[in-house]
Amino acid sequence: DLHLIQLYPKSETVRAFTVADAGPEEKVYEDSLLDGDRGAPIRVSAAGGEVESFQLAVVPFWRDLDAVTVEASELRAGNGTIPAGQVTFRLVDYVRLEGVDPDDLTMHEREPDILWPAKPFPVSKGKVRSVWVDVHVPRGTPEGDYEGTVTVKAAGQEVARALQVHS
C-alpha cells in the first residue's frame, strides 16, 4: 500500500488507476513495483518501415478494474501522419513456472511471456497488468517528430499518456 500511495497522482479527483510505461526489454511482473514519471511523454524512435515497442503497465488503486481498454490517436508531425491503426496493442499474459522457491525474492511463479489481442481485460487490485504496444512506422513516412496519445480507459475514467515518435 505504501507503494500505491507513492504512485497516486496529486489530484482533486479520486483516481481508480494509473498507467506507467516500461521499455520492451523490461519484464513487468504482476507484483512489479513501478517507478518513474507517469506524466512524462513516452518516446520511441523508428524509421519508415520499422516497428518500435514499449509497454504500458496498468496499476489499479485498491480496487479491481473490469473492461480496461487501450487506444491510440493519430500521430502528427508537420505535414506527416502515422495513422492510429499503426499503433497496435497486445495484452501480456503469464506462464506458471514449476519449482520456484517462494523464499527466493528474485524468482517469480508467473513469468510474462504470452501476447494476446488486447480486447477489454480485467486487472485485479494488488496486481499490475502490462500491455505490449507496437508503433509501426509506414514506409515513406516523412522524417519528423510525431506526437499523439495512448489512452487507457477503465472504471469510467481515462489516463492519457503523450506519445512521441521520432522518425
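What share of the 167 residues of the protein chain count as buried? The figure is 43%. Before going further, I should say that this is a predicted model, and the values I quote are computed from it.

I'll start with the overall layout. The protein chain has one helix and 12 strands. Reading from the N terminus, the helix comes before the strands, and the order is α-β-β-β-β-β-β-β-β-β-β-β-β. The radius of gyration is 17 Å, close to the 15 Å that the globule rule gives for 167 residues, so the chain is as compact as a globular protein of that length. If you lay the C-alpha trace along its principal axes, it spans about 55 × 40 × 25 Å.

Next, contacts along the chain. Counting contacts with a separation of 6 or more, 74% are between residues 24 or more positions apart.

Now the interior. In soluble globular proteins, nonpolar side chains tend to be buried together. Here the largest nonpolar core has 32 residues. The members that touch the most other members are Phe-17, Phe-54, Leu-56, Val-150 and Val-165. Let me take Val-165 from that group. Leaving aside residues up to four places away in sequence, Val-165 touches Val-44, Leu-75, Ile-82, Val-135 and Val-137, and also Gly-144, Asp-145 and Tyr-146. There is also a second core, separate from this one, with seven residues. Ala-22, Val-28, Leu-34 and Ala-57 are among them.

Turning to the outside, the accessible surface of the protein chain is about 9500 Å². Carbon and sulfur atoms make up 49% of that surface. As for charge, there are 17 positive and 28 negative side chains. The centres of those two sets lie 6 Å apart.

Last, a point about the backbone. Most residues other than glycine have a negative phi. Two alanines in this model are worth looking up on your screens. Ala-67 is not a glycine, yet its phi is positive, at about 55°. Ala-67 sits in strand β4, which covers residues 65–72. Ala-155 likewise has a positive phi of about 55° without being a glycine. Where does Ala-155 lie? Ala-155 is in the loop between β11, residues 145–154, and β12, residues 157–166. Is Ala-155 buried, exposed or partly exposed? With a relative accessible area of 36%, Ala-155 is partly exposed.

That is the end of my part.

Key
Residues numbered from 1 in each chain as written. Predicted model: local features only at pLDDT ≥ 70, side-chain atom pairs only at ≥ 80, totals over all residues. Heavy atoms only, no water. Core = buried A, V, L, I, M, F, W, Y, C linked by side-chain atoms within 4.5 Å. Buried < 20%, exposed > 50% of the residue type's maximum accessible area, 1.4 Å probe, protein only. Contact = heavy atoms within 4.5 Å. Helix = DSSP H or I, 4+ residues; strand = E, 2+ residues; numbered from the N terminus. Rg over C-alpha atoms; globule rule 2.2 N^0.38 Å. Areas by Shrake-Rupley, 256 points an atom, 1.4 Å probe, with all protein chains shown as cover. Lys, Arg positive; Asp, Glu negative; His and termini not counted. Charge placed at Lys NZ, Arg CZ, Asp CG, Glu CD.
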